There are 2 protein chains.
Amino acid sequence: MDRRQQKTRQAIFNGFTTLLSTKNYNQISVQEIIDEANVGRTTFYAHFETKDYLLKELCKDLFNHIIDSAMGHPEAHRHYWDCTAPDSVFLHLIQHLQKNDKHILNLLSSENNDIFRRYFKENLRELVISEYFHGYDAEKATLPDDYLINHICATFVETIDWWLSKNMEESAEVLANYFSRAIEPVLTADK
Amino acid sequence: MDRRQQKTRQAIFNGFTTLLSTKNYNQISVQEIIDEANVGRTTFYAHFETKDYLLKELCKDLFNHIIDSAMGHPEAHRHYWDCTAPDSVFLHLIQHLQKNDKHILNLLSSENNDIFRRYFKENLRELVISEYFHGYDAEKATLPDDYLINHICATFVETIDWWLSKNMEESAEVLANYFSRAIEPVLTADK
DNA sequence: AAACATAAAGAACAGTTTGTTCTGTATCAA
DNA sequence: TTGATACAGAACAAACTGTTCTTTATGTTT
């Protein structure tokens, strides 16, 4: 990809996230974004069809960044933390969110966080399935798979949201533990 | 309140909900609303400061309607259904939602349902507290009250959302049961 | 029924936003 | 160096916003 394109794309993302930390998505105009990013009007529309697409692309980038970072732990680390346990992936996710690289939490905690939340939840699905539904016994299940998967994803996102609303007072470990205790009893419950 | 005001308010609400069932909130302009409602521009702004306030007012109206309808059951009915059980209130809520008076589900299932969802969740709080936290023993609690309350509210909203995404195939009773089974094990879990 | 109050309609408005099209310039890759 | 292309900047029509004004219709009160 042309360096010029990269620079422009990044400038727009930066300007956009800066604005998102100060006001709602709906209240941000394309005009403001291009002013903030110091980029020509034509250039913006050459990159993004609409403001909605910009947000979508940003979500995609941020989510990939979170996942890559949270997953990319060396083997030594994985042993130390006993990363074969189902919770550890979520702990890593939380730990990475806590660092707030790239101001991801700005986006998640902003008032109009819905689009990013939805994106987050949808993409969590795959992860949840691989963590909790490996060799899962459908016979024993008390709830439909689909309902359960949705419930777990939703609970994770809501847990993060609650944490943010509390100014992240709890440690990553404590939060991961809350999440685990909200989910595990449901998985192990008898009919 | 003046009858003219009532009529206008209702016309705007109707036009707005009609539009909401066809397109996203962001993509609806005030112009379209007043065209659909067949109401003058000045009139709209005399009633609602902005489009956002309109949505807020609509949410308020709809939520009050749901709660009033779901709660307003005669004593006989309450005995028949054993309404002292904590789940029954939620069953009533679901049953009422199922009827889809006033096209509430249109709003809940539309792509941009976030504002209503948030309103719904926030206002559910009080109900959840009175149902699940009456004489609740904080000593035995495995999770912070606040986290738990949030978790229950979120789970209810997510349950409804899941149901809608599945075209409401399950009966109200089955759905209330899913909800219950997602929540109860967490409440009764040991430390 | 008459009188008063006020809600609504309609037109006109300045200001803004949107998305497009054009031309000229700067930057990149080969 | 050359050819391609990304960018800036200006200008544009179309639409939307929120306000102000006047006129008309409708409610409420006595």
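1. Helices here are DSSP runs of H or I with at least four residues, numbered from the N terminus. The model is predicted, with local features needing pLDDT of at least 70 and side-chain atom pairs counting only at pLDDT 80 or more, whereas totals for chains, interfaces and linings use all residues. Residues are numbered from 1 along each chain as its sequence is written, while chains are lettered from A and ligands numbered from 1 in the order in which they are written.

2. The surface near DNA strand D (near being a C-beta atom, placed from the backbone, within 6 Å of the strand) draws at least two residues from each of H1 and H3 of chain A and from each of H1 (3-20), H2 (30-37) and H3 (41-47) of chain B. H3(A) contributes the largest share, 4 residues. Of the 20 residues around the strand, Arg4(A), Thr8(A), Gly40(A), Thr43(A) and Val30(B) come nearest.

3. By class, this surface near DNA strand D comprises 4 nonpolar, 9 polar and 7 charged residues, where Ala, Val, Leu, Ile, Met, Phe, Trp, Tyr, Cys and Pro count as nonpolar, Asp, Glu, Lys and Arg as charged, and the others, Gly among them, as polar.

4. Helix H1 of chain A (residues 3-20) has 18 residues and should span 26 Å at 1.5 Å a residue, which agrees with the 25 Å between its end C-alpha atoms; the expected span is 1.5 Å times one less than the number of residues.

5. The buried residues of H1(A) (buried meaning 20 or more other C-beta atoms within 10 Å of the residue's own, exposed 12 or fewer, with C-beta atoms placed from the backbone) are Ile12(A), Gly15(A), Phe16(A) and Leu20(A). Because they cover an arc of only 135° around the axis, they lie on the same side of H1(A), the arc being that of the directions from the helix axis to the C-beta atoms. On the other side of H1(A), Arg3(A), Gln6(A), Lys7(A) and Gln10(A) are exposed. The buried residues pack against H2 (30-37), H3 (41-47), H4 (51-71) and H7 (104-109) of chain A.

6. Between the chains, 17 residues of chain A are in contact with 17 residues of chain B, contact meaning that C-beta atoms, placed from the backbone, lie within 7 Å. On the side of chain A that touches chain B, H9 (145-165) and H10 (172-188) each supply at least two residues, and H9(A) gives the most, with 7 residues. That side of chain A has 9 nonpolar, 5 polar and 3 charged residues.

Methods:
Contact = placed C-beta atoms within 7 Å.
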